[in-house]
Amino acid sequence: MNTYRFENDYGVCTCVDGTIFKFDIDDFDRISAHTWRKTNKGTIITYIRRKEVSLSRFILCLSKNDKKVLLREPYDYRKENLFCGNRYKLCDDYYEVECFDKTIFKIDICDYDMVKDYVWHLSNNYIVGKVDKKEIKLHRFLLSPTKEEEIDHKDRDTLNNRRNNLRIISRSENCFNRGLQSNNTSGQVGVYKLTDYNRFAAQINYDGNRIYLGSFDTYEEAVNARKRAEEKYYKHIL
């Protein structure tokens, strides 16, 4: 038989094989009515009406066809630790959505029905999910651009997927709004110091072309040249 004890705000069950798991105190009556054990795969299960039932699905009252349940911490079956699809929190006129790793991203209320049936997670700084068995970035799922079109996060926050923060733009416009790259040493996009010369150069990319803006005696002059070019070529997205 399983044995139980309580520690602070949660319960602890010890199975007959010595496996220990945690659970919420309010689940004690349901859990203690059955005998639980660990399978060879490490899953905690019982049998109800001769059918195998996993503890995680039992606690969440899920049917066999519901989403897969993941544990954020091994053998911690408290509801806060059980992940079965993203969690949605309504905040004024948008939702905050929690991922398995506790990353939070934002969507508009109007997109809730479109997004809620899929499981979303953070991958390479973007929110992605599987739709029709194909992985897609959330911002592309929301705006449905053509294959050639790119989508920009205006505030450069890839977790902010509200529609007023997304816009379909060209590749050069998207590159322009990426900000400083890791290999930038000048502190200003498009400005660099000329090797072996005590001068600074400025450049800007537009419509697939690199435009050289000249070399300057001071860093400030190069920065100002770059800013004037930004106003000329990218004023519509500044």
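This passage describes strand pairing, nonpolar cores and salt bridges in a predicted model.

In the early part of the chain, strand β2, which covers residues 10-14, and strand β3, which covers residues 20-24, are paired in the antiparallel sense over five bridges. Within this pairing, threonine 14 has isoleucine 20 of β3 standing opposite. The two strands form a hairpin with five residues between them, and in this hairpin glycine 18 adopts a positive phi near 95 degrees. As general background, the strands of a sheet pair through backbone hydrogen bonds, in either a parallel or an antiparallel arrangement.

Further along the chain, three strands make up an open sheet in the order β9-β10-β11, and the pairing is antiparallel. Strands β9 (87-91) and β11 (104-108) stand at the edges with a single partner strand each, so one side of each is left without a neighbour in the sheet. On average, and with direction ignored, neighbouring strands of this sheet are turned by 30 degrees against each other. Between β9 and strand β10, which spans residues 94-98, the antiparallel pairing extends over five bridges, and tyrosine 95 in β10 is the bridge partner of leucine 90.

Strand β10 also contains glutamate 98. The relative accessible area of glutamate 98 is 16%, and this residue is therefore classed as buried, since the term applies to values under 20%. When neighbours within four places in sequence are left aside, the contacts of glutamate 98 are Arg72, Glu80, Phe83, Asn86, Arg87, Thr103 and Ile104.

The largest nonpolar core has 14 residues, of which Phe105, Ile107, Val115, Trp120, Ile127 and Leu138 touch the most other members. Two or more residues of this core are given by each of the elements β10, β11, β13 (126-131) and α4 (138-143), and the largest share, three residues, comes from α4. Valine 115, with residues up to four places away in sequence not counted, touches Tyr88, Ile107, Trp120, Leu138 and Leu142. Another core lies apart from this one and has 13 residues, including Cys13, Phe21, Ile59 and Tyr77.

The structure holds 14 salt bridges. In one of them, lysine 79 is joined to aspartate 26, with the closest N and O atoms 3.4 Å apart. This pair links distant parts of the chain, as lysine 79 lies in the loop between β7 (70-71) and β8 (82-83), whereas aspartate 26 lies in the loop between β3 and α1 (28-31), 53 residues apart. Lysine 79 is partly exposed, with a relative accessible area of 29%, while aspartate 26 is exposed, with a value of 62%.

A further salt bridge is formed by the side chains of lysine 116 and aspartate 117, with an N to O distance of 3.1 Å, and here lysine 116 is partly exposed at a relative accessible area of 29%. The side chains of aspartate 217 and arginine 199 likewise meet in a salt bridge, at 2.3 Å from N to O. Aspartate 217 is located in the loop between β19 (209-216) and α6 (219-234), and arginine 199 in the loop between β17 (191-193) and β18 (200-206), so that the pair ties together parts that are 18 residues apart in sequence. Of these partners, aspartate 217 is exposed, with a relative accessible area of 53%, whereas arginine 199 is partly exposed at 27%. Finally, Asp24, Asp26, Asp27 and Lys79 are joined into one network by salt bridges that share partners.

Technical notes: Residues are numbered from 1 along each chain as its sequence is written. This is a predicted model: local features need pLDDT of at least 70, side-chain atom pairs count only at pLDDT 80 or more; totals for chains, interfaces and linings use all residues. Side-chain values use heavy atoms; hydrogens and water are left out. Two strands pair if DSSP finds at least two bridges between them. Helices (H or I, at least four residues) and strands (E, at least two) are DSSP runs, numbered from the N terminus. Axes are lines fitted to C-alpha atoms, for helices over the stretch in contact, and angles run from 0 to 180 degrees between N-to-C directions. Buried means under 20% relative accessible area, exposed over 50%, partly exposed in between (1.4 Å probe, protein chains only). Contact means heavy atoms within 4.5 Å. A nonpolar core is a set of buried Ala, Val, Leu, Ile, Met, Phe, Trp, Tyr and Cys residues joined through side-chain atoms within 4.5 Å. A salt bridge is a side-chain nitrogen of Lys or Arg within 4 Å of a carboxyl oxygen of Asp or Glu.
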